[in-house]
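Let's take a walk through this structure together, one piece at a time. Please have the sequence and the 3D view open as you read.

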Amino acid sequence: MNTISLCAVCSFGLESILKREIIRLGFPVKKVENGKVYYSGDDIHAVALSNLYLRTADRVFLKIGEFDADSFDSLYEGILQIPFEEYVPADGRFDIYKINSVRSKLYSKSDCQAIVKKAVAQRLQKMHRVRLLPETGAAYPIAVHIANDHAEVFLNTSGAGLNRRGYRQAGNEAPLKETLAAAMVLLSNYRAEKTLADVMCGSGTILIEAAMIMKNIAPGIRRNFASEYWSPQYTESYVQCREAAHKAVKEVPLRILGSDIDYFSIKQAKENAHLAGVENDIAFQKLDLKDFSSKKKCGVIISNAPYGMRTGGSQVQTIYENLGRIYRNLNEWSAFILSGYDHFENAFGQKCVKNRKLYNGGIKTYLYSYYPQKENIHGHS
Ligand SMILES: C[S@@+](CC[C@H](N)C(=O)[O-])C[C@H]1O[C@@H](n2cnc3c(N)ncnc32)[C@H](O)[C@@H]1O
């Protein structure tokens, strides 16, 4: 068995949810840092499973070496010792995808990038016994993270960010990242038996992610990953894992409602839901949130409200007042509202039970959580 070391990265604030997802996939977590969860897998299946199934990770990296690096020479020498030829064939593309440096003597990213590229090339030329490296084959994006003069070297197994599930069209003004939308759903404890509503659904991301979670649709089922093309073993592993993922999809009756004041958002949300394979699970309609009501008991509102950064405070103030009002008219519902508006709770008219700091594309926001009065906060994780 060839144990492999992996590191999944995520937005700040999502580490504990990502950790939980990784443990649920059956992989032991080694350490959690800001925006990173380190874990191990038994073999390369762990790479395919992580990319296909992790809903809150941005990318999954395969760790291939580490060493102390406090000078350009030690960086060059350290890279030369890593067996790149075991991963990158003679025609492989080895772009230096990312160099990060914190609290370290080596801080010039462009110099480090040039050194790493040169050292990898030298190693590959020597070990593959070739003079030319055409870089015409599959991509093996290399990332180096230097912290406290210690370098960790990774291959980006995902390629493009895992938020790119393949169902979203361009166009919506402020779409929520799919990974953050999935995290909101996971944090809400929403279950298929409950009614779920997003009363400002925009392009529908939260509801689409919720339906995919309930139906056990792997978030990566519709896309490809860089590591898929690394070797016949990787390709085969993805074929097997994807086949299993298709078989694991469940038909579950869902009651999910999406509404928005903007007609074009609703149109786009419907198209996205169709592409994600959940169009029959979500009922969309154009509606001002002030008119939303439901006779159902025990529902959940999960919404990403406008923050008022472009439009100013008075408009969002009214939106939040109306949101608070409709929430208080619902019978035993909970609500999870993501907002970057400083006076959210005042405008909503109620202190939340819990708030959680989350970053939405670099903007500091809070997920304000409200539970029905009868429920006890300790019942929620
Ligand atoms: C931050 S966006 C939501 C983005 C969404 N989560 C997505 O992934 O596309 C806020 C949404 O609130 C909608 N909105 C603003 N005022 C509204 C109102 N009074 N009633 C319903 N929707 C409203 C906007 O049209 C916009 O789509």
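In helix α2, the buried residues are Ala46, Val47, Ala48, Leu49, Ser50, Asn51, Leu52 and Tyr53. That makes 8 of the 9 residues in the stretch 45-53, so α2 is largely enclosed by the rest of the structure. What do these buried residues of α2 pack against? Their partners are the strands β1 (4-9), β3 (36-41) and β4 (59-68), together with α7 (232-247). Bear in mind as we go that this is a predicted model.

From α2 it is a short step to Leu25, a residue in the loop that joins α1 (15-24) to β2 (29-33). Leaving aside residues up to four places away in sequence, Leu25 touches Leu49, Ser50 and Tyr53. Those three belong to the buried set of α2. Is Leu25 itself buried or exposed? The answer lies in between: Leu25 has 15 C-beta neighbours inside 10 Å, so it counts as partly exposed. If you would like a sense of scale, look from Leu25 to Lys63: the two are 38 residues apart in sequence, and their C-alpha atoms are 19 Å apart in space.

Now for some helix packing. Two packed helices are described by the angle between their axes and the distance between the axes. Take α3 (residues 72-80) and α4 (residues 109-128) to begin with: their axes come within 8 Å and cross at roughly 35°, and the crossing is right-handed. On the α3 side you will find Phe72, Leu75, Tyr76, Ile79 and Leu80, and these meet Asp111, Cys112, Ile115, Val116, Ala119, Val120, Gln122 and Arg123 of α4. Sorted by class, this contact holds 10 nonpolar residues, 1 polar and 2 charged.

Another pair to look at is α5 (residues 178-188) with α6 (residues 205-214), where the axes lie 8 Å apart and the packing angle is about 60°. Here, too, α5 passes α6 in a right-handed crossing. Helix α5 brings Glu178, Ala181, Ala182, Met184 and Val185 to the contact, while α6 brings Thr205, Ile206, Glu209, Ala210 and Ile213. Of these residues, 7 are nonpolar, 1 is polar and 2 are charged.

Stay with α6 for a moment. How many of its residues are buried? The count is 9 of the 10, so α6 is largely enclosed by the rest of the structure. The buried residues are Thr205, Ile206, Leu207, Ile208, Glu209, Ala210, Ala211, Met212 and Met214. Around them sit α5, β8 (195-198), β9 (255-260), α8 (263-276), β10 (282-286) and β11 (300-304), against which they pack.

Some backbone details are worth a look as well. Most residues other than glycine have a negative phi, and most peptide bonds are trans. Against that background, Asn216, which follows α6, has a positive phi near 55°. In the loop between α5 and β8, Asn189 also has a positive phi, near 65°, without being a glycine. Asn189 has 15 C-beta neighbours inside 10 Å and therefore counts as partly exposed. Move on to the loop between β10 and β11 and you will meet Cys298. Its phi is positive, about 60°, although Cys298 is not a glycine. Cys298 has 15 C-beta neighbours inside 10 Å, so it counts as partly exposed.

Where is the ligand in this picture? It is surrounded by 19 residues, the closest being Met200, Gly202, Ser203, Thr205 and Leu289. You have already met Thr205 among the buried residues of α6. By class, the shell around the ligand divides into 10 nonpolar, 6 polar and 3 charged residues.

Finally, step back to see the whole chain. Its secondary structure comes to 10 helices and 14 strands. The radius of gyration is 23 Å, close to the 21 Å that the globule rule gives for 381 residues, so the chain is as compact as a globular protein of that length. Along the principal axes, the C-alpha atoms fill a box of roughly 70 × 45 × 40 Å. Of the 381 residues, 44% count as buried. Among contacts in the chain with a separation of 6 or more, 75% come from residues 24 or more positions apart.

Technical notes
Residues are numbered from 1 along each chain as its sequence is written. This is a predicted model: local features need pLDDT of at least 70, side-chain atom pairs count only at pLDDT 80 or more; totals for chains, interfaces and linings use all residues. A residue is near a molecule or strand if its C-beta atom, placed from the backbone, lies within 6 Å of it. Ala, Val, Leu, Ile, Met, Phe, Trp, Tyr, Cys and Pro count as nonpolar, Asp, Glu, Lys and Arg as charged, and the others, Gly among them, as polar. Helices (H or I, at least four residues) and strands (E, at least two) are DSSP runs, numbered from the N terminus. The radius of gyration is taken over C-alpha atoms; the globule rule is 2.2 Å times the number of residues to the power 0.38. A residue is buried if 20 or more other C-beta atoms lie within 10 Å of its own, exposed if 12 or fewer, and partly exposed in between; C-beta atoms are placed from the backbone. Two residues are in contact if their C-beta atoms, placed from the backbone, lie within 7 Å. Axes are lines fitted to C-alpha atoms, for helices over the stretch in contact, and angles run from 0 to 180 degrees between N-to-C directions. A crossing is left-handed if the near helix is turned anticlockwise from the far one by less than a right angle, and right-handed if clockwise.
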